[in-house]
Amino acid sequence: MIAESTAVLIRLLCGAQTRWVGAEPLFRRRVYFCNHTSNLDTVVLWAALPPALRRLTRPVAAADYWKRNAFRRYLADKVFHALLIERHKVTTQNNPVNAMLAALDEGASLILFPEGTRHPGPEPRPFKSGLFHLARKRPDTEFFPVYLDNLNRVLPKGELLPVPLLANVAIGAPLRLEPDEDKAAFLERARLAVWALHQP
Amino acid sequence: MNLYFDTQIVWLFAGVVALLGLAAVVSTILARRPGGPEHAALVENLRARLRSWWIMVAIIFLTIVAGEIFTVILFAIVSFLALREFITMTPTHRGDHRALFWTFFIITPLHYWYVGTHWFGMFAIFIPVYAFLFIPLRSALAGESERYLERTAKIQWGLMVCVYCLSHVPALLMLPIEGYEGENAKLLLFLVLVVQLSDVLQYVFGKTLGRRPIAPRISPNKTWEGFIGGVLTASLLGACLWKITPYTPWQTFGLALLIALMGFAGGLVMSAIKRDRGIKDYGVLLPGHGGMMDRIDSLCFAAPIFFHITRYYFT
């Protein structure tokens, strides 16, 4: 109930339009990976998914950001059902990839920002390797590129108050790891798949 | 809450509903006719437009009946949505963020507050003077000089068209016209009706008789035949409404003609902006029509001129 009304509110604020380009909203275990320019990215993509899919989908988010106060902890846990991962002091116990694999095995879909942090500018920066490890260890999972457009104008890095511009969410055709594809090639192919969804 | 009602308004809406009903019948007949995919797409667009029209007419009727405050709030919302479409398609810079925040959340509501409280002096100069000086200042304070003049000019132009010009529609409610007190809502309906009729008739004449485009590089669908047929028919239909206005029949015709001409100008200018940005529609808010800005472009140009002529000669 709270989650549904939050999603409606977010869609109203950002006027988010979702284009499924070569993909369909189906019930399968999936990983959505997107460019990251704004704090709104996670919630906007989460809100843009159809409600039934949204309930299965967990945004992967930084523990240091979402655990900072009680309100954020509440949102992350109860509303977005986020999978919080450690960005800085990574050990074998709290390895983000293991947490993501566990969530996938429980049947969840994931939203991932492989750039690791927010970057301004339209073109995504090189991806971190987590995406590759997921693809290698769970080869049956489909990986969907997502391009989020205009959100860095709605709420740029370093700003507190949003401006109500219209955002675009484009979801592309899924990728899988090719048999002899190495890490660098896969990550670059994934990055280009996100960038290809950009409309100038 | 005081409901605003009189027999003329009821008749006006009955007439509009009858027109929409007629259009629904025509579109059904067109749909039955065999034709290629182009014909099917045209009919589908026509029906989508009609569905949006029913909703828009219902919203306008309800707000007019609910009273002035609701009418002002409705147009404030329309301005907000139009400005959002306009700024979305305008490339603004990171340094404009704070200026845009002011534009959306402070300048726009404050301007409509002046409309609602009938503060004519501030209504007339708040945006062209105060806002137009403040926005460049706020952007300059952000310290980003790249394409500075272009960026501020675009924000100012968006504010001018989407907020300042459009707000002249509800501002008609503040005009004290002798012998017409308390009836200004009908003036608003007259303006909106003539503008929209002219748009629709230009479209119909253009689709059926259109041969010679007026400005093919800007809008290939605007033809001389559509323009002349639409503007004249809308002006004549407007003149028939003289009883609901404070004007004589000839004055009504002249004003309807002016409204239709300004409406055409608005449509052409906003098309040129879309062409410049390489887009077809401003948005997807109104199925069949495009975005909010695609529907109100002609109103934005007609409203301020109609307002000032009425204020100058009739109050």
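This report describes a predicted model, taking up in turn the contact between its chains, the domains of chain B, one helix of that chain and one of its loop residues.

## Where chains A and B meet

In the contact between the two chains, 12 residues of chain A meet 12 residues of chain B. On the side of chain A that touches chain B, 7 of the residues are nonpolar, 3 are polar and 2 are charged.

## Domains of chain B

Chain B is assigned a domain 1 covering residues 1–66, a domain 2 covering 82–174 and a domain 3 covering 183–315. Between the C-alpha centres of domain 2 and domain 3 of chain B there is a separation of 24 Å, and the contact between these domains draws 12 residues from domain 2 of chain B and 20 residues from domain 3 of chain B.

On the domain 2 side of this contact, the elements of chain B that contribute two or more residues are α3, α6 and α7, and the one that gives the most is α3(B), with 4 residues. By residue type, the side of domain 2 of chain B that touches domain 3 of chain B is made up of 10 nonpolar residues, 1 polar residue and 1 charged residue.

## Helix α4 of chain B

Helix α4 of chain B runs through residues 97–116, and because a helix of 20 residues at 1.5 Å a residue should span 28 Å, the distance of 28 Å between the C-alpha atoms at its ends agrees with what is expected. The helix α4(B) nevertheless has a kink of about 40°, which is centred on B:Thr103, and B:Thr103 is also one of the buried residues of α4(B).

The other buried residues of this helix include B:Leu100, B:Phe104, B:Ile107, B:Tyr112 and B:Val115, as well as the histidines B:His97 and B:His111. The partners against which the buried residues of α4(B) pack are, within chain B, α3 (68–89), α5 (120–141), α6 (148–165) and α7 (168–171). Just past the end of α4(B), the residue B:His118 adopts a positive phi of about 60°.

## An exposed arginine in a loop

Is B:Arg217, which is found in the loop between α8 (184–209) and α9 (224–239) of chain B, buried or exposed? B:Arg217 has 8 other C-beta atoms within 10 Å, and since a residue counts as exposed when that number is 12 or fewer, B:Arg217 is therefore exposed. Along the chain, B:Arg217 and B:Lys186 are 31 residues apart, and in space their C-alpha atoms are separated by 38 Å.

Conventions:
Residues numbered from 1 in each chain as written. Chains lettered and ligands numbered in written order. Predicted model: local features only at pLDDT ≥ 70, side-chain atom pairs only at ≥ 80, totals over all residues. Contact = placed C-beta atoms within 7 Å. Nonpolar A, V, L, I, M, F, W, Y, C, P; charged D, E, K, R; others polar. Expected span 1.5 Å × (residues − 1). Bend = angle between axes of the 7 residues up to and from the residue. Buried ≥ 20, exposed ≤ 12 C-beta atoms within 10 Å, placed from the backbone. Domains from an automatic or database assignment.
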